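Subject: Structure handover

Hello,

Here is the structure I said I would pass on. Please look it over before reading my notes underneath.

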Amino acid sequence: MTQDMKPVFTDDPMPFSCGPGNVCFNDCCRDLNQVLTPYDVLRLKTSLKLSSRDFLKTYTVCRIGPESGLPTVAFKPNPATGHACPLVTDAGCSVYPDRPGSCRLYPLARAVVRARETGEIQVYYALIEEDHCKGLGLNTGQTVGQWLAGQAVDRHNRFNDYLMELISLKNRILPGRLPGAQADLFYLALYDLDEFRHRIFGQNLLTGLTVNRPTMEKISTCDETLLVLGMKWVRYQLFGINGDE
């Protein structure tokens, strides 16, 4: 498989269409090394009505990212299925409304750069051109921006951007691989959300971290609020940054 990437802008045409009528339908769901973000795990475990621990145990493996030195989660490889996504069927994605952010963006790649002088965030896109994808080159009448709006990916991007800021901070202050205990707390707070919630209320896990009462009330039922708090807790545990400092 060969792959090229071509920069695109939101006003550019989006020459891509995917659906059951494509001869390559589901091909992009095979031969995968699919890394899942914390927000991907949140959405998938909820869609499958599983606890975070059961989802992680059943569907994923944990590895240390070679660049970040942090725990990462990916779908378990299965050579018997051609390394297909465990959630794909002949009819397509079985969890399509809650599919991962990278699946929503494909065949686009997204990069975020924060200007050092102003702190302003700039977003860049590139079109991934792979031999197996026959949906490329089709005239859909949509721009890149219009196509992105239809993928409902903004929420994924917001959580993923917060994660990238945390990773950037870690690499500046604690370059290299995290020690085991610190890696475990990162995995707990960002991926194993249900266990994180259990320990917050059962073991006073947030001692020392400034958390207001409305947030404490909301995390008992809202996974998204809990994930944001988990990232703040990791910042506090690793770098001593409290609350929104």
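The notes below cover the sheet, the cores, a helix pair and one loop residue. Please keep in mind that this is a predicted model.

The sheet

There is an open sheet of three strands, in the order β2-β4-β3, and its pairing is antiparallel. The edge positions belong to β2 (35-36) and β3 (60-64); each has a single partner strand, so one side of each is left without a neighbour in the sheet. Between β3 and β4 (residues 71-75), which run antiparallel, there are five bridges. One residue pair to look up is valine 61 with alanine 74, its bridge partner in β4. Helix α2 (residues 52-59) lies across β2, β3 and β4, and runs at about 85° to β3.

The cores

The largest nonpolar core has 46 residues, and those with the most contacts inside it are Leu190, Phe196, Trp233 and Val234. At least two residues of this core come from each of α1 (38-47), α2, β4, α5 (154-173), α6 (180-190), α7 (193-203) and α9 (223-239). The largest share, eight residues, is supplied by α9. For background, nonpolar side chains in soluble globular proteins tend to be buried together.

Which residues does tryptophan 233 touch, not counting residues up to four places away in sequence? They are Leu185, Ala189, Phe196, Leu205, Leu206 and Leu209. There is also a second, separate core of 14 residues, with Phe16, Leu105, Tyr106 and Leu136 among them.

The α6 and α9 pair

The axes of α6 and α9 come within 8 Å and cross at roughly 165°. Angles over 145 degrees count as roughly antiparallel, so α6 is roughly antiparallel to α9. Their crossing is right-handed. On the α6 side, the residues that meet α9 are Gln182, Leu185, Phe186, Ala189 and Leu190. On the α9 side, they are Leu227, Gly230, Met231, Trp233, Val234, Gln237 and Leu238. Of these, Leu190, Trp233 and Val234 have already come up as residues with the most contacts inside the largest core.

A loop residue

Asparagine 26 lies in the loop between β1 (3-8) and β2. Is asparagine 26 buried or exposed? Its relative accessible area is 8%, and buried means under 20%, so asparagine 26 is buried. Not counting residues up to four places away in sequence, asparagine 26 touches Val88, Thr89, Asp90 and Gly92.

Regards

Terms used:
Residues are numbered from 1 along each chain as its sequence is written. This is a predicted model: local features need pLDDT of at least 70, side-chain atom pairs count only at pLDDT 80 or more; totals for chains, interfaces and linings use all residues. Side-chain values use heavy atoms; hydrogens and water are left out. Two strands pair if DSSP finds at least two bridges between them. Helices (H or I, at least four residues) and strands (E, at least two) are DSSP runs, numbered from the N terminus. Contact means heavy atoms within 4.5 Å. Axes are lines fitted to C-alpha atoms, for helices over the stretch in contact, and angles run from 0 to 180 degrees between N-to-C directions. A nonpolar core is a set of buried Ala, Val, Leu, Ile, Met, Phe, Trp, Tyr and Cys residues joined through side-chain atoms within 4.5 Å. Buried means under 20% relative accessible area, exposed over 50%, partly exposed in between (1.4 Å probe, protein chains only). Angles under 35 degrees count as roughly parallel, over 145 as roughly antiparallel, 65 to 115 as roughly perpendicular and the rest as oblique. A crossing is left-handed if the near helix is turned anticlockwise from the far one by less than a right angle, and right-handed if clockwise.
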